[in-house]
Amino acid sequence: MAMSSGQSIRDLIKEKKAKNSSGRLVEKAVPVILLLTAIVSVLTTLGILYTLIVETVIFFSQVPFIEFITKTEWLPFASGDENKVYGISALVSGTLLVTLIATIVAVPFGLGAAIYLSEYASDRVRRIVKPILEILAGIPTIVYGFFALTFVTPLLQKLIPDLPFFNALSPGIVVGIMIIPMIASLSDDAMSSVPNAIREGALALGATKFELAIKIILPAAISGVVASFVLGISRAIGETMIVTLAGGSNPNFTFNPTETIQTMTSYIVQASTGDAGFGTTQYYSIYAVGMTLFVFTLLMNILAQYISRRFREEY
């Protein structure tokens, strides 16, 4: 019995040592795996940036940079090399016009939904509404594109009889609808993270629910709210399928929402589907437009970080 007991103790000790050894191995392996994951992400980003830069440099060796940023016409597929014009302003104006319309639609509705969910909605309503918003965020953008093309545009044509079938107003509205869930969800998370003690103190001093939401909670969560706005706007700038289907493919330097436009992303789709032969100037223009889009997105992210840091310091 004594030998059996001693043997059992030794077995337990060996088993514990084996577990400790495997545990230490896992502890050493996990940081290495996470580091490799981070390195892959960084290398992927650098690879994309390298490709954009190399191909963009080739494009600017064929098209003067001054022409690219000053011309207001974008005619890469015109017949005859002397008739081809590469003025990015036409695509930028279309992109900014759609983004502006989307922002006008999404910011008030998204912020209003966030304030309601955070300060007015009961727990039961929150459990129902918030998942629905998140489901809306997961709808494929091509579905939104056909919704704009077959429902929103005919509806707008009843209100504006001279509105062409392809225009900036319809995709702008639908892009705004698409980013409402993103703004609402992120803003709600930011406002919900404000400590309840602040709410209780404001109510104890006689503040109404509306005053509490607008004058107390919103300023306290402003960094997260502004970040949600910038993220939504960045999403609108990079939207592809909605503007491709409902905006048209006519590069037009205009800020009239009733006219046909083409955005940077929709041009990339058009040129990538076979209209541009490999090695041609039209082919390299895809990367020049992509680099322009990358710069816009980068500037938006820098702006978001600056605004968030600034408001965080003030509040």
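## A predicted helical chain: surface patch, cores and salt bridges

On the surface, the side chains V32, L35, L36, I39, V42, L43 and L46 form a nonpolar patch whose accessible area together is about 640 Å². One of these residues, L35, has its place in helix α1, which covers residues 2-62, and with a relative accessibility of 51% L35 counts as exposed. The coordinates discussed here belong to a predicted model, and every value below is computed from that model or, where stated, taken from a record.

### Overall organisation

The secondary structure of the protein comes to 12 helices and 2 strands, and from the N terminus on the elements run α-α-β-β-α-α-α-α-α-α-α-α-α-α, so that the two strands follow the second helix by the DSSP numbering of elements. Of the 315 residues, 39% count as buried, while the protein exposes about 17600 Å², of which carbon and sulfur atoms supply 68%. Among contacts with a separation of 6 or more, 70% are accounted for by residues that are 24 or more positions apart.

An unreviewed UniProt entry lists residues 29-53, 85-111, 132-153, 165-184, 216-237 and 284-304 under "transmembrane region". Two of these listed spans can be described from the model: residues 85-111 are 85% helix and 7% strand, with end C-alpha atoms that lie 42 Å apart, whereas residues 284-304 are 100% helix and 0% strand, with end C-alpha atoms 31 Å apart.

### Salt bridges and the surroundings of D188

The count of salt bridges comes to 5, and the table gives three of the pairs with their N to O distances.

| Pair | N to O distance |
|---|---|
| R126 and D188 | 2.9 Å |
| K130 and D188 | 2.7 Å |
| E239 and R235 | 3.0 Å |

The salt bridge between R126 and D188, with its closest N and O atoms 2.9 Å apart, joins helix α4 (residues 123-137), where R126 lies, to helix α6 (residues 169-192), where D188 lies, and it therefore ties together parts that are 62 residues apart in sequence. R126 is partly exposed, with a relative accessible area of 23%, but its partner D188 is buried, with a relative accessible area of 0%. The salt bridge of K130 with D188 likewise links distant parts of the chain, since K130 is in helix α4 and D188 in helix α6, 58 residues apart. K130 counts as buried, at 12% relative accessibility.

These pairs belong to a wider arrangement, for R126, K130, D188 and D189 are linked in a network of salt bridges. When residues up to four places away in sequence are not counted, D188 touches A114, L117, S118, R126 and K130, a list that includes both of the basic partners named in the table.

In the pair of E239 and R235, E239 is buried, with a relative accessible area of 2%, and R235 is partly exposed, with a relative accessible area of 30%.

### Nonpolar cores

The largest nonpolar core holds 38 residues, of which V175, I179, M191 and V225 touch the most other members. Helices α3 (89-120), α5 (141-159), α6, α8 (209-220), α9 (222-237) and α10 (241-246) each supply at least two residues of this core. V225, one of the residues named above, touches L111, S187, A190, M191 and L218, with residues up to four places away in sequence left out of the list. A second core, separate from the largest, consists of 29 residues and includes L91, I233, I286 and V289. As a general background, nonpolar side chains tend to be buried together in soluble globular proteins.

### The A202 site

A202 has its place in helix α7, residues 196-204, and counts as buried at 10% relative accessibility. Not counting residues up to four places away in sequence, A202 touches A207, L212 and I216. A202 and A213, which are 11 residues apart in sequence, are separated in space by 10.0 Å, C-alpha to C-alpha.

Terms used:
Residues are numbered from 1 along each chain as its sequence is written. This is a predicted model: local features need pLDDT of at least 70, side-chain atom pairs count only at pLDDT 80 or more; totals for chains, interfaces and linings use all residues. Side-chain values use heavy atoms; hydrogens and water are left out. UniProt positions are given in the numbering used here, feature names are shortened, and annotations may be inferred rather than shown by experiment. Helices (H or I, at least four residues) and strands (E, at least two) are DSSP runs, numbered from the N terminus. A salt bridge is a side-chain nitrogen of Lys or Arg within 4 Å of a carboxyl oxygen of Asp or Glu. Buried means under 20% relative accessible area, exposed over 50%, partly exposed in between (1.4 Å probe, protein chains only). A nonpolar core is a set of buried Ala, Val, Leu, Ile, Met, Phe, Trp, Tyr and Cys residues joined through side-chain atoms within 4.5 Å. Contact means heavy atoms within 4.5 Å. Patches are made of residues with over 30% relative accessible area and no salt bridge: like charges are joined within 9 Å, nonpolar side chains (Val, Leu, Ile, Met, Phe, Trp, Tyr) within 5 Å. Accessible areas come from the Shrake-Rupley method with a 1.4 Å probe; for residues, only the protein chains shown count as cover.
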